[in-house]
Amino acid sequence: MNSAPDALLTALQYADSAFPGGGVSFSQGLEGYATLCGPLKSQDVLTTIRTQIRLRWATSDRVALVLAHRRAPDLDAVADIDAEMEAATLSEPLRSGSRRQGAAFLAAHARLQLDVATAYRARITGGAGHGHLPVAQGLVWKAHGVAEAHAQTIAGYQFAAGQTQAAVRLGILGALDAQRILSAVRDDIAEAITDSVADDAVLQGYTPLIDIAAMRHTRQETRLFGN
């Protein structure tokens, strides 16, 4: 069992935006939403992120992460969650983006010589897994000794921070506005984490406007992010 300071330091390392997990290339539908419904203001970004946390991350991504964390290191059981994530993600850009982020995340940990990351990458190459990001997070962070609650906290923070960073890069927000939004959504993330996940929980999410925006985003001639 990790000591409290070591557990916190581990969580900080993997929550750090400098960790090469591939998230900087994706806006989780925010760029497409800005094009579809813009121009966006700070309050619009806050509402969009809050909606995604409550109706997508909390009930789909987080559930997949928790179940993968519990079933690791059984790669067959983890692959079952991966297949459910593939089926439950309606929007193709969000689905492929999750796989691409998961691939980058696993590749980084494989290069850091984490055996389970190398093994799961091999399964994906062989067609026996998809490598969705939440599933990869649950699998890898469990191997690093990150507790289930801490894994959810890291993932929730990264989900929100990735979108605020995207908004800054798109010129929608300033850096301080981004921090205000992150402060505002902390309660949403914390509330989601307190909701226990049953071992037979089903992944479900409902963000139709973001899904549509992400699908339209693929047809934009010029775009900054992969989704």
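Let me begin with F105, which in this predicted model has a relative accessibility of 5% and therefore counts as buried, since the cut-off for that word is under 20%. W141 is buried as well, with a relative accessible area of 0%.

These two residues belong together in another way, and for that we turn to the aromatic rings, of which the structure holds two pairs. In one of them, the ring centres of F105 and W141 lie 5.7 Å apart and the planes stand at 85°, and because planes over 60 degrees apart count as edge-to-face, that is what we call this pair. If you look along the chain, you will see that the pair links distant parts of it, with F105 in helix α5, residues 92-111, and W141 in helix α7, residues 133-143, so that 36 residues separate them.

The other pair is formed by Y14 and F19, whose ring centres are 5.4 Å apart and whose planes meet at 80°, so this pair, too, is edge-to-face. Both Y14 and F19 are buried.

Now, which residues touch the most other members of the largest nonpolar core? That core has 63 residues, and the ones in question are I53, W57, Y120, V135, V185 and W141, the tryptophan we have just met in the ring pair. Helix α3, which covers residues 42-71, gives the most to this core, with 12 residues. In soluble globular proteins, nonpolar side chains tend to be buried together.

Finally, please find W57 on the screen, and set aside its neighbours within four places in sequence: the residues in contact with W57 then include Q52, R62 and V63, and also, among others, Q152, F159 and I193.

Technical notes: Residues numbered from 1 in each chain as written. Predicted model: local features only at pLDDT ≥ 70, side-chain atom pairs only at ≥ 80, totals over all residues. Heavy atoms only, no water. Core = buried A, V, L, I, M, F, W, Y, C linked by side-chain atoms within 4.5 Å. Buried < 20%, exposed > 50% of the residue type's maximum accessible area, 1.4 Å probe, protein only. Helix = DSSP H or I, 4+ residues; strand = E, 2+ residues; numbered from the N terminus. Contact = heavy atoms within 4.5 Å. Phe/Tyr/Trp six-rings, centres within 6.5 Å; stacked < 30°, edge-to-face > 60°.
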